[in-house]
Each structure stands twice: as C-alpha cells, then as structure tokens.
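Visitor: I have a protein model on my screen and little idea how to read it. Could you take me through it, one feature at a time?

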Amino acid sequence: MKPATSSLLTLLMLVGAPLSGHASERHFTHTYESAVLSPGDLEIEPWSTVRLRRDDYLLRFDHRLELELGVTERWQTAFYVNLRAQSERRPAAGANERASSTQYRGISWEHKLKVTDAVADAFGSALYVEGTLAPADAAVELKVILDKRLPAWLVATNVVAEYEWAFVRVGRLTRELAFEATLGASYILSEHLTAGIEALAHATVERADLAHAAVFAGPVASWSHGNAWMAFTLLSQVASLDGLARPDSSAYERLSSRLLIGIHL
C-alpha cells in the first residue's frame, strides 16, 4: 500500500473513531441530530425532565418512555408514553400550601426522515413530525434538523413549530402556536464522551400576539458505550421579553435539567 494511501486511511479511522457506536445516539437533549436507526433496529429511551420555578414555586417532572424503530435507511419512527408529576403553590390554598398532582399526558407518534448525511455530505439534514394526543389536549410539532460532524466537534441546530389545542372545559377550546430554535455544540473528548453547550429560544403566540418568549442556555454532556448511551443538560433562563434582568417566571421555569438514556435492543 502506498504511504499516501495508508496515511489517508489512518486519518479517516482517527476521525471516525470518536463517532463510533450506533447512529441513533444523542449528544444533546433538546437539539435533535439527523442520524436515524438502521432498518429493523430497535431502541428504548427513557426521558426525565425536571423544571423549577422559584417565584411562585413550581417543581415539575416530565417523563417520556420512547420506543424507536428503524424503518428504512432514511426513515425512523417512534412511539412515546408521556407522564407528568408536579408540586406547586396555589394562592387559593394559602401562601404556604402546596398542591401535588400526577397526570397521564397522552401518547406521541414521531417520524424522522433523513435527507443528507452529517459526515458524507456538506451537512446533515432531516425533517421531523410528531403528533401528541392527551385526555385534555392535542398537538402537532414540525421540526427542521441541521447538523455537522467534524473531526473534533459536533454541531446541530433545530427550527421548531408546534400547534396545540387545549380543551379547557366542555364547550371551550383554546389554541396556541409556539416556535423554538435550538443550538448545540459539543467537543469530542474521547470515543465515548462529549461535552459542550446547548441553548434554546422559545416563543408563544396567542391570538396573533407574542405572549411569552425566553432564552435558555447551559452545559451538555453525553456518554456512550456498547449498546447504551446517555445525555444530560442543565439549562438556566438567561433572557426574556422583559430583558436579561427580569426572567419570565409566569410561563417558564428558571432552571431545568434533562436526562436521556438510550438502550439499543
């Protein structure tokens, strides 16, 4: 083998080594990547998101149990079961009284179509759609995914739109439109470990007016080995419609964390 050819193969192996593992592994918790499962592959993913709002006190746990299935080389689908548990201060119950509840938040069905590859092409891209049906509401989410895998970095961004119908009471239906943009960048520390930062901006539109908006940012880390992987993010609200000094505590949490675990079956 010629020295130039041998050097090129060695370089390709070194570049590809940190990206080894299953194509489905996540390196961010809010920002999706374009990779999909191979046809016939299955993966189970438990999610846990903790949200904390201090001003009027809210502690909420959102849990999702996801089962992903690779359908074709470019298409994967997934099913979720959603649960929520929360504790909050309710003014009607008194200043020091807190009410707790556990809710079944319905089921979701996801489809992701990979368009271009994050390694072989100039950038990776995918289209995503998810529908959710719960006892008191329903939602449709659309997502455009862009990402790139470099020798030492992983970078991804998403643009999201979600339309939700909420059945407040018999005969009354409310509608809400939300937009979100996410960005994640992680440095490849080793074959199994990445660390970086993730940020997202979220805005809610009600009756054609911008009702709420906030920006969140914080550290993210991921680990993978064999058939398992995990990703963790800790986000803090850093800005809102009222500016940096006044976070929006009426609609958004001040702090949140999310843990994703993936097990390739």
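Guide: We begin with strands. Helices and strands are DSSP runs, numbered from the N terminus. A strand needs at least two residues of type E. One case is Ser87, which lies in strand β3, residues 75-89. Keep in mind throughout that this is a predicted model.

Visitor: How many helices and strands are in the protein chain?

Guide: The chain holds one helix and 12 strands. Along the sequence the pattern reads α-β-β-β-β-β-β-β-β-β-β-β-β.

Visitor: How far should I trust the prediction? Where is confidence lowest, and where is it highest?

Guide: Look at pLDDT, the predictor's confidence in each residue, from 0 to 100. The protein chain averages 87, and 85% of the residues score at least 70. Helix α1, residues 3-16, has the lowest confidence, with a mean of 40. Strand β5 has the highest, at 98. Over residues 1-21, pLDDT stays under 50. For that stretch the model has 13 contacts beyond four places in sequence.

Visitor: In what order do the strands close into a barrel?

Guide: Strands pair through bridges, so follow the partners from strand to strand. Here 12 strands close into a barrel in the order β1-β2-β3-β4-β5-β6-β7-β8-β9-β10-β11-β12. The pairing is antiparallel. On average, neighbouring strands of this sheet are turned by 20° against each other, direction ignored.

Visitor: Which strands does β1 pair with?

Guide: Take β2 to begin with. Strand β1 and strand β2, residues 58-70, run antiparallel and share 12 bridges. Pro46 stands opposite Leu65 in β2. Then turn to β12, residues 255-264. Eight bridges join it to β1, residues 42-53, again antiparallel. Trp47 has Leu260 in β12 as its bridge partner.

Visitor: And what about β11 and β12?

Guide: Strand β11, residues 228-240, pairs with β12 over nine bridges, in the antiparallel sense. Met230 has Ile261 as its partner in β12.

Visitor: How do I read a hairpin? How many residues sit between β9 and β10?

Guide: Find two paired strands, then look at what links them. The hairpin of β9 and β10 has two residues between the strands. There, Arg207 takes a positive phi near 55°. The strands themselves, β9 at residues 193-206 and β10 at residues 209-225, pair over 14 bridges. Leu193 stands opposite Trp223 in β10.

Visitor: Which residue takes a positive phi in the hairpin of β10 and β11?

Guide: That is Gly226, with a phi near 60°. This hairpin also has two residues between its strands. Strands β10 and β11 are joined by 10 bridges and run antiparallel. Ser222 is partnered with Ala231 in β11.

Visitor: Next, burial. Is Ser87 buried or exposed?

Guide: Compare the relative accessible area with the cut-off: under 20% counts as buried. Ser87 has 15%, so Ser87 is buried. Beyond four places in sequence, Ser87 touches Tyr57, Leu58, Leu59, Arg98, Ala99 and Ser100.

Visitor: Why is Leu69 called partly exposed?

Guide: Partly exposed lies between the 20% and 50% cut-offs. Leu69 has a relative accessible area of 32%, so it falls in that class. Leu69 is found in strand β2. Its contacts beyond four places in sequence include Leu37, Gly40, Asp41 and Gln76. The C-alpha atoms of Leu69 and Asp41 are 5.8 Å apart, yet 28 residues separate them along the chain.

Visitor: What share of the residues is buried across the protein chain?

Guide: Of the 265 residues, 38% are buried. The accessible surface comes to about 14,200 Å², and 65% of that belongs to carbon and sulfur atoms.

Visitor: Which residues form the largest nonpolar core?

Guide: Look for buried nonpolar residues joined through their side chains. The largest such core has 10 residues: Tyr32, Trp47, Ala78, Tyr80, Ala126, Tyr128, Ile145, Trp229, Ala231 and Leu260. Strands β3, β5 and β11 each supply at least two of its residues. Beyond four places in sequence, Tyr32 is in contact with several residues, including Trp47, Tyr80, Tyr128 and Ile145.

Definitions and conventions. Residues are numbered from 1 along each chain as its sequence is written. This is a predicted model: local features need pLDDT of at least 70, side-chain atom pairs count only at pLDDT 80 or more; totals for chains, interfaces and linings use all residues. Side-chain values use heavy atoms; hydrogens and water are left out. Helices (H or I, at least four residues) and strands (E, at least two) are DSSP runs, numbered from the N terminus. Buried means under 20% relative accessible area, exposed over 50%, partly exposed in between (1.4 Å probe, protein chains only). Contact means heavy atoms within 4.5 Å. A nonpolar core is a set of buried Ala, Val, Leu, Ile, Met, Phe, Trp, Tyr and Cys residues joined through side-chain atoms within 4.5 Å. Axes are lines fitted to C-alpha atoms, for helices over the stretch in contact, and angles run from 0 to 180 degrees between N-to-C directions. Accessible areas come from the Shrake-Rupley method with a 1.4 Å probe; for residues, only the protein chains shown count as cover.
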